[in-house]
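Hi,

Here is the structure I promised to pass on. Could you load it and keep it open while you read the rest of this email?

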Amino acid sequence: MTSERTQFLEAAAAIGADLCRDAIWDGPRCNWLGDSMEPLLGGWNVVLRSFSMDLYGGTSGVGLFLARLYQLTGERIDRATAEGAVAHCLSQWDQLPPHVRLSYYAGSVGIANALIEIGEALGRSDLVELALDKLSSHIGVEPGPFAIDVINGRAGAIPPLLRLGARYSSPQFIDRAIQLGEDLLAYARKGDTGWSWTTMDPAGGGAKQDLTGFSHGTAGVVWALAELHHQTGRADFVEAARQGIRYEQSFFQPDVGNWPDFRGEPVQQANGPARFNCSLAWCHGAPGIALGRLRTYQITRDMEVRKQAETAVQTTARSLTGVPGKESYSLCHGIAGNTEALIYASSVLGEPTWLRLARQTGLRGIESYHLAGADWPCGIPGGESNPSLLLGLAGIGYFYLRLIEPERFPSVLIPCSAQ
């Protein structure tokens with residue numbers, strides 16, 4: 001019988017081979033074409049396009065997966081294509097708009113961190129030094145007032161800056177992370193039920209209620225504040241984290257074990273008043289909140305936070321027990337990203353049951369898509385293949401690397417300050 005490890009590596013390697021095959025080269029640089037959601041004709045529509053260099057949906061994320069894959073396969077084409085993605089990033093570095101430079105998934109912090117990890121994986125100290133220098137040139141940019149969340153703003157940038165500062169003896173990164181944390185304290189909206197943060201401009205169509213959840217909501221800000229407390233020992237950071245948890249818990253729906261998604265409109269219930277629906281993804285809902293609470297518990301050892309984390313993990317696990325259909329397998333809002341909550345819970349809580357369930361989920365995906373010769377469903381509603389880390393194939397491949405060696409390949413969904 002083929003071992004689980006072999007099956008996971010074969011699935012990841014097959015995805016890597018497809019990405020290498022489909023890379024479009026221009027001299028030493030490569031990029032990819034894929035489906036994406038773009039604002040067009042007054043709405044969001046699926047378009048086929050090439051990609052930028054950001055970690056979330058661009059070439060740095062694809063390069064990171066291929067470099068990690070190379071560590072297991074030793075395949076020269078994996079390494080060469082990862083370096084082609086790096087060359088694309090470096091050629092486009094100065095074109096990053098200032099408003100996203102100080103962000104993780106959308107900007108310089110994430111791109112630089114990916115290039116550093118690629119450099120480490122490939123044994124290229126020159127790339128590590130170059131990425132550190134380039135990041136240093138961008139950290140002075142001032143984010144806007146709504147650049148607060150994990151995807152686009154301060155919360156996402158803080159933990160990687162803390163980690164890079166400590167790992168490479170670069171105090172300017174730690175100092176900048178602390179400044180960003182002080183911004184979070186200043187922007188907090190303080191109420192009777194706790195503190196929250198407005199991450200989307202209401203005048204621009206953002207939700208009327210400050211969001212729960214990890215990628216754009218309070219859970220992500222809480223995580224960043226906990227990381228700052230872990231680094232600095234400052235009581236104001238951990239108090240702000242506790243207040244953020246109070247806010248989020250005030251909306252918890254115990255009958256479904258989840259937290260409401262305030263981006264939509266309340267829905268009338270058959271046996272009660274209207275209320276907001278709950279999402280089930282890394283970006284919004286229990287899976288992402290599980291990651292944030294698990295890391296916050298790891299730092300604070302607060303047993304109430306642990307209980308909240310366990311509830312979120314259990315809710316996530318229930319969503320993974322069905323038969324796979326054509327639902328997304330992406331990291332951002334798909335099966336792979338939801339399963340990450342179980343992988344991480346197994347590590348933080350020391351409970352191997354969660355890792356076994358995660359691996360069973362991975363095996364079902366292999367049977368439904370890899371062995372069946374079917375296309376992996378990516379995270380573009382109404383679209384088809386996407387090469388990227390958070391929305392597409394690179395992220396699905398990275399998920400299988402996590403199932404092989406979760407301690408060797410760190411999560412890309414919760415880049416902690418200490419790994």
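Below is what turned up, starting with empty space, then charged pairs, then a few single residues. Keep in mind that this is a predicted model.

**Pockets and cavities**

Rolling a probe the size of a water molecule over the atoms shows where empty space is left. The largest pocket holds about 1,100 Å³ of space. It has 36 lining residues, and those closest to its centre are Met37, Arg49, Asp54, Tyr56 and Leu391. If you want to see which elements build the wall, look at strand 3 (33–40), strand 4 (43–50) and helix 3 (76–92), each of which supplies at least two lining residues. Strand 3 gives the most, with four residues. In terms of chemistry, the lining of this pocket splits into 18 nonpolar, 14 polar and four charged residues.

There are also four cavities of 30 Å³ or more. The largest cavity contains about 50 Å³ of space. Its lining is made of 11 residues, with Tyr104, Asn113, Glu117, Ser411 and Val412 nearest the centre. Six residues of that lining are nonpolar, three are polar and two are charged. Glu117 and Ser411 both come up again below, so to speak of them twice is deliberate.**Salt bridges**

Side chains of opposite charge can pair when their charged atoms come close. Across the whole structure, the search finds 24 salt bridges. Here are some to look at.

- Glu405 and Arg5 meet through their side chains in a salt bridge, 3.4 Å from N to O. This pair links distant parts of the chain, 400 residues apart: Arg5 is in helix 1 (residues 4–22), while Glu405 is in the segment after helix 14 (393–404). Glu405 is partly exposed, at a relative accessible area of 22%, and Arg5 also counts as partly exposed, at 43%.
- Glu117, one of the residues nearest the centre of the largest cavity, forms a salt bridge with Arg68, and their closest N and O atoms are 2.8 Å apart. Glu117 sits in helix 4 (residues 108–122) and Arg68 in helix 2 (residues 59–73), so the bridge ties together parts that are 49 residues apart in sequence. Both Glu117 and Arg68 are buried.
- Asp183 and Arg154 are joined by a salt bridge of 2.9 Å, N to O. With Asp183 in helix 7 (residues 171–187) and Arg154 in helix 6 (residues 154–167), the pair ties together parts that are 29 residues apart in sequence. Arg154 counts as buried, at 1% relative accessibility.

There is a network too: Arg79, Glu83, Arg124 and Asp126 are linked by salt bridges.

**Two buried residues**

What does Ser411 reach with its side chain? One partner is the backbone nitrogen of Ile414, at 3.4 Å. Another is the side chain of Glu340, in a polar contact of 3.2 Å. Ser411 lies in the segment after helix 14 and is among the residues nearest the centre of the largest cavity. At 9% relative accessibility, Ser411 counts as buried because the cut-off for that class is under 20%.

Leu342 is in helix 12 (residues 335–349). Its relative accessibility is 0%, which puts Leu342 in the buried class. Setting aside neighbours within four places in sequence, Leu342 is in contact with Val313, Thr316, Ala317, Leu320, Trp354, Leu355, Leu357 and Ala358. For a sense of scale, the C-alpha atoms of Leu342 and Asp149 are 23 Å apart, and the two residues are 193 places apart in sequence.

**Backbone angles to check**

Most residues other than glycine have a negative phi, and most peptide bonds are trans. Two residues with a positive phi are listed here.

- Ser169 has a phi near 50 degrees, a positive value in a residue other than glycine. Ser169 is in the loop between helix 6 and helix 7. Is Ser169 buried or exposed? With a relative accessibility of 64%, Ser169 counts as exposed.
- Arg301 has a phi near 60 degrees, again positive in a residue other than glycine. Arg301 lies in the loop between helix 10 (286–300) and helix 11 (303–319). Arg301 counts as partly exposed, at 49% relative accessibility.

That's the lot from my side.

Cheers

Methods. Residues numbered from 1 in each chain as written. Predicted model: local features only at pLDDT ≥ 70, side-chain atom pairs only at ≥ 80, totals over all residues. Heavy atoms only, no water. 1 Å grid on protein atoms, 1.4 Å probe; cavity = no way out; pocket = protein on both sides within 12 Å on 5 of 7 lines; lining within 4 Å. Points joined across faces, edges and corners; volume = space filled by probe spheres on them. Nonpolar A, V, L, I, M, F, W, Y, C, P; charged D, E, K, R; others polar. Salt bridge = Lys/Arg side-chain N within 4 Å of Asp/Glu carboxyl O. Buried < 20%, exposed > 50% of the residue type's maximum accessible area, 1.4 Å probe, protein only. Contact = heavy atoms within 4.5 Å. Polar contact = N/O pair within 3.5 Å; in protein donor to acceptor, adjacent residues only side chain to side chain.
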